[in-house]
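Biologist: I should be grateful for a close look at a single part of this structure. Please take one helix and describe how it is placed among its neighbours.

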Amino acid sequence: MSGPRKRAARLLRWYPGAWRARYGAEFTELLIADLAERPRSPARTADVIRGGIVARLTGAGLCGFAPDGTERAGKRARASLASLACCTAVFLGFGGAMWSQLTIGWQWSVPDTAAAVATVVMSGAMLVLAVLALLAALPVARAVAARIARGPDRGLLGPSALFLAGLVVVFAGGRHFGNGWPGTGGHPWAHPGPVPGGVAAFSWASTLSVSSFWAHPAALAAFPAAELTWMALSPLALAGLVTGAAAIVRRTELSPAVLRFETRLARAACVTMAVFLGAGGAWIADRTAPAGGPFYPGAIDVAGLAVMALALATGWQAARQAAR
Amino acid sequence: MPTDKALDGFGRYAGPATLILASLAGGAKHGYALTKDIESFAGVRVAPGTLYEALARLQAQGLIEPVESHDRRRPYRLTAVGATTLQAQLDAQRRVADVGLRRLAQGWGPA
């Protein structure tokens, strides 16, 4: 491979696979001609990198022009909804860690006003998000079942296997480590508090990897091996679950009516996440809880809030694109 | 499609989009030929990433279409909708240019 062709191939890697399959050959020829004319051009490199990032965001349904035609518009809306699902999962990963800290803390001691209000609002938001997720999953599951009923579908096999494997690992691991948690002992409603003990313990266990202990290796080394393994494994399982679910949404044909329904749910989910984020932010800003207690917000909570805000902003953009 | 609004959603790509459509009005061209042609009549060099971003959008809107080619450099041509859109866009630009030129000729001068 010649020098310019190699450089063009390197630049082309900034673009997603689908874009490369469609435009790769002709874009490479343009780059080679441009490289011959202007061998050194940082502006061209920056332009190609920016174009690649935009193409990736467009592929993920996060930006771009509303395409012509029902089929292409539906494909783009599904990509946007899949991205929103990923953003919601990231939000819930960090939000679940924050929420379970507060709910389990409530089972140990009475919270101050800020923590109590935050816990109640977050619990309500979690419940609404669970209902929305169920409502969103039902039409997709129905469409998948109808597609499978027509015959074996290789396109859905991999994502379905990934989704189910992630679900089994998260559920089994969450139950196992949640039941071992001394705060709840796995009792359905161990002590006074707005959330059943088993639910709080499951949320705590499934988000155990969201921990400031990663910044303290000496303290982390004292953890039991099984717990350390779970802390490393659970994010991978969650990632598999969400990646599988997102791929299923992208590959399953949904009618325009179902897409409109899903888009409305997407907006509702964003509003609910904003309420959750507001409650978390108010709790962190309050700072009246005694340091070291279960209701004192730590650095991990501040970092988690920042990640949740980013996930919500991206998810909101995805919901807007899905509605176009 | 309301052709006078067809380029509204292009935002920062409205400029490159108009240049590409104007170039293709003279016949089908591949990427590098488009770059050189635009450079010759507008004095602007459209960078490769920007060019293909605009091409993809124009194609998605049905304003241009690829031409069958055995060459790796695939040419594009203007569609009928693209021609009407370009006409509307250039008419709007001409109205602005005419007003600006007329006012410059009539009244402007150093105070």
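The reply below concerns helix 6 of chain A and then turns to the contact between the chains.

Modeller: The model is a predicted one, and the description that follows should be read in that light. Helix 6 of chain A runs over residues 154–179 and comprises 26 residues. From its first C-alpha to its last it reaches 38 Å, which is close to the 38 Å expected at 1.5 Å a residue.

Which residues of helix 6 of chain A are buried? They are A:P159, A:L162, A:F163, A:G166, A:G173, A:G174, A:F177 and A:G178. These buried residues of helix 6 pack against two elements of chain A, namely helix 7 (197–206) and helix 9 (225–251).

The pairing with helix 9 of chain A can be described further. The two helices, 6 and 9, pack at an angle of about 145°, and their axes lie 7 Å apart. In passing helix 9, helix 6 of chain A makes a left-handed crossing. Sorted by class, the residues in this contact between helix 6 and helix 9 of chain A are 16 nonpolar, eight polar and two charged.

For the wider setting, one may turn to the contact between the chains. Chain A contributes 19 residues to this contact and chain B contributes 17 residues. On the side of chain A that touches chain B, the elements giving two or more residues are helix 2 (17–37) and helix 3 (42–59) of chain A. Helix 2 of chain A gives the most to that side, with nine residues. The residues of this side of chain A divide into 11 nonpolar, one polar and seven charged.

Note on methods
Residues are numbered from 1 along each chain as its sequence is written. Chains are lettered from A and ligands numbered from 1 in the order in which they are written. This is a predicted model: local features need pLDDT of at least 70, side-chain atom pairs count only at pLDDT 80 or more; totals for chains, interfaces and linings use all residues. Two residues are in contact if their C-beta atoms, placed from the backbone, lie within 7 Å. Helices (H or I, at least four residues) and strands (E, at least two) are DSSP runs, numbered from the N terminus. Ala, Val, Leu, Ile, Met, Phe, Trp, Tyr, Cys and Pro count as nonpolar, Asp, Glu, Lys and Arg as charged, and the others, Gly among them, as polar. The expected span of a helix is 1.5 Å times one less than its number of residues. A residue is buried if 20 or more other C-beta atoms lie within 10 Å of its own, exposed if 12 or fewer, and partly exposed in between; C-beta atoms are placed from the backbone. Axes are lines fitted to C-alpha atoms, for helices over the stretch in contact, and angles run from 0 to 180 degrees between N-to-C directions. A crossing is left-handed if the near helix is turned anticlockwise from the far one by less than a right angle, and right-handed if clockwise.
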